[in-house]
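Trainee: I am new to this structure. Please pick one part, look at it closely, and then connect it to what lies around it.

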Amino acid sequence: MEIGDNTVSLGWCRQLLRDCHEIVTTSCDLVHARCTKVLGVRIKAGLVDDISSSDFVTLVRHIERFVLSSANITGRHCTQLRAAVQVQAKVFLDQFHNTRKNKLSMLLEAERWKQADVPSEIQALVACLEAKIPYPPSTISDGHSQAPAKYLIVHGQKCVVVGIVPLLVKLLHEYCQCANDLPMLITDVLGKLLELLKFFNEQTCGLVLGAGAMKLQLKTITSRHLGLVSRCLHAIILLIPDVKKLFEQKMAPQQYPLLQPFDIVLMDFCVHYKQIHEKLVDIMGDLIKRQLVKWEAKYITPSSSMSAIVKHILKLYEALLDILPSDQLSDLFRGVEQRFKEHFRAQLALQGITNNGSTQHGIVNSELQHFKTALSSLENITAFGNSLFDVWSTNR
């Protein structure tokens with residue numbers, strides 16, 4: 001190569017390029033080291049701890065772009081700055097999680113377990129989770145929010161919920177958004193979310209089934225409270241597979257086994273849900289038993305015991321009619337009918353009454369007919385029909 005009167009060898013040019021590349025690489029390394037040092041100083045001073053989630057995500061994205069740009073220039077990766085960011089990201093995630101868990105705990109303890117309206121923004125988040133997409137917060141509200149609804153609609157099912165459920169839906173979305181914004185921490189976010197779901201289920205179980213709410217806010221746990229909790233759990237049960245799928249979309253196939261705890265959490269929710277159903281049946285079973293121990297086959301029908309049992313059943317129906325869907329309501333009252341027949345059979349056996357055509361036999365049938373007629377007005381309830389007369393199946 002000739003430049004004026006000087007001749008520059010090809011080897012010299014190559015050496016110059018190598019030297020320039022080394023200078024650029026050294027400069028990048030120096031910048032990375034200085035940035036890492038500045039970040040470390042700010043972390044120790046606690047200046048990074050108080051920034052908002054959106055600002056922290058912006059910081060991580062800028063640093064990630066810088067690291068990738070440097071790698072494209074130098075041809076090698078610098079892990080020092082990225083490692084420092086990852087350490088701080090885990091600190092951020094711990095604070096992110098603890099703040100939300102503490103808020104959930106505080107509101108659970110303050111929950112009055114009454115039906116709450118559902119803001120349109122929360123319903124939009126549910127639609128986002130159902131569609132398996134990370135919903136950008138800025139697009140949830142367009143400035144024309146609709147009036148709050150009486151139900152939370154999840155996969156087409158109307159769920160009457162209490163005030164804590166909209167918060168939990170919002171938290172589910174925030175954890176999914178966090179996993180989307182901080183992919184390097186997706187497994188850590190997954191663990192925190194599973195912990196949050198377990199915490200909600202255990203606390204709800206303790207407050208309602210364990211009557212912990214009576215020590216905090218409520219004088220008594222009623223059947224309506226149990227019905228509301230049942231619907232709240234049902235809504236979350238419907239959403240858990242959607243949340244699992246959202247995480248699956250962001251994970252590598254070899255990470256899929258880490259999703260298995262979702263199935264365990266879902267099963268725990270279903271067990272709790274079933275226990276509430278059984279608790280409602282148990283409550284009615286105890287009320288029925290207390291009345292039937294006083295029952296006698298007398299000529300005046302309906303007896304005071306049967307009238308009281310009918311009154312209890314009608315009261316339960318009225319309490320749950322606007323909470324439980326017709327299929328769950330019907331299933332619940334089939335369980336109540338079964339308890340009634342069990343206790344009534346025991347009382348008939350105790351008094352030696354059989355279906356032998358005797359006067360007592362006729363009185364029992366009259367009682368059952370009254371029972372059937374008095375409850376025939378219950379809409380969408382398949383119980384308390386001719387199946388009531390099955391009480392004689394073991395009293396022949």
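**The second largest pocket and its surroundings**

Mentor: The lining of the second largest pocket is made up of 6 nonpolar, 3 polar and 3 charged residues. This is a predicted model, so every value here is computed from it. The volume of this pocket is about 230 Å³. Its lining consists of Ile 221, Thr 222, Ser 223, Arg 224, Ile 283, Met 284, Leu 287, Lys 311, His 312, Lys 315, Leu 316 and Ala 319. Three elements, H8, helix H9 (260-292) and H10, give two or more residues each to that lining. H10 provides the largest share, 5 residues.

One lining residue to follow outward is Arg 224. Arg 224 forms a salt bridge with Asp 322, and the closest N and O atoms of the two are 3.0 Å apart. This pair connects distant parts of the chain: Arg 224 is in helix H8, while Asp 322 is in the loop between helix H10 (304-320) and helix H11 (326-351), and 98 residues separate them. How far are the two partners open to the outside? Arg 224 is partly exposed, with a relative accessible area of 28%. Asp 322 is also partly exposed, at 39%. Both values fall in the partly exposed class because buried means under 20% and exposed means over 50%. Beyond this pair, salt bridges that share partners bring Glu 337, Lys 341 and Asp 390 together in one network.

Helix H8 also carries Ser 230. This serine is buried, with a relative accessible area of 7%, which is under the 20% limit and therefore counts as buried. Apart from neighbours within four places in sequence, Ser 230 is in contact with Tyr 273, Ile 276, Leu 324 and Gln 328.

H8 matters to the account of the interior as well. The largest nonpolar core has 107 residues, and Phe 247 and Phe 384 are those with the most contacts inside it. Helix H8 (residues 223-250) gives this core its largest share, 14 residues. Which residues does Phe 247 touch, not counting those up to four places away in sequence? They are Tyr 175, Cys 176, Ala 179, Ile 186, Val 189, Leu 190, Leu 193, Leu 259 and Phe 262.

Phe 247 turns up again at a cavity. Rolling a probe the size of a water molecule over the atoms shows where empty space is left. A search of the whole structure finds 3 cavities of 30 Å³ or more, and the volume of the largest is about 50 Å³. The largest cavity is lined by Pro 134, Cys 176, Ala 179, Asn 180, Leu 246, Phe 247 and Lys 250. Among these, Cys 176 and Ala 179 are also on the list of residues that Phe 247 touches. Helix H5 (164-181) and H8 supply at least two residues each to the lining of the largest cavity. Sorted by class, that lining has 5 nonpolar, 1 polar and 1 charged residues. H8 thus contributes both to this cavity and to the pocket described at the start.

The salt bridge of Arg 224 belongs to a longer list, for the count comes to 14 salt bridges. Asp 94 and Lys 192 form one of them, with their closest N and O atoms 3.0 Å apart. Asp 94 is in helix H3 (residues 79-110) and Lys 192 in helix H6 (residues 186-208), so that this pair links distant parts of the chain, 98 residues apart. Asp 94 is partly exposed, its relative accessible area being 33%. A salt bridge also joins Asp 117 and Lys 150, where the closest N and O atoms are 3.5 Å apart. Asp 117 lies in the loop between H3 and helix H4 (120-130), and Lys 150 in the loop between H4 and strand S3 (152-154), so the pair ties together parts that are 33 residues apart in sequence. Asp 117 is partly exposed, with a relative accessible area of 40%, whereas Lys 150 is exposed, at 51%.

Last, the chain as a whole. Its secondary structure comes to 12 helices and 4 strands. Of its 396 residues, 42% count as buried. Among contacts in the chain with a separation of 6 or more, 79% are between residues 24 or more positions apart.

Key:
Residues numbered from 1 in each chain as written. Predicted model: local features only at pLDDT ≥ 70, side-chain atom pairs only at ≥ 80, totals over all residues. Heavy atoms only, no water. Core = buried A, V, L, I, M, F, W, Y, C linked by side-chain atoms within 4.5 Å. Buried < 20%, exposed > 50% of the residue type's maximum accessible area, 1.4 Å probe, protein only. Contact = heavy atoms within 4.5 Å. Salt bridge = Lys/Arg side-chain N within 4 Å of Asp/Glu carboxyl O. 1 Å grid on protein atoms, 1.4 Å probe; cavity = no way out; pocket = protein on both sides within 12 Å on 5 of 7 lines; lining within 4 Å. Points joined across faces, edges and corners; volume = space filled by probe spheres on them. Nonpolar A, V, L, I, M, F, W, Y, C, P; charged D, E, K, R; others polar.
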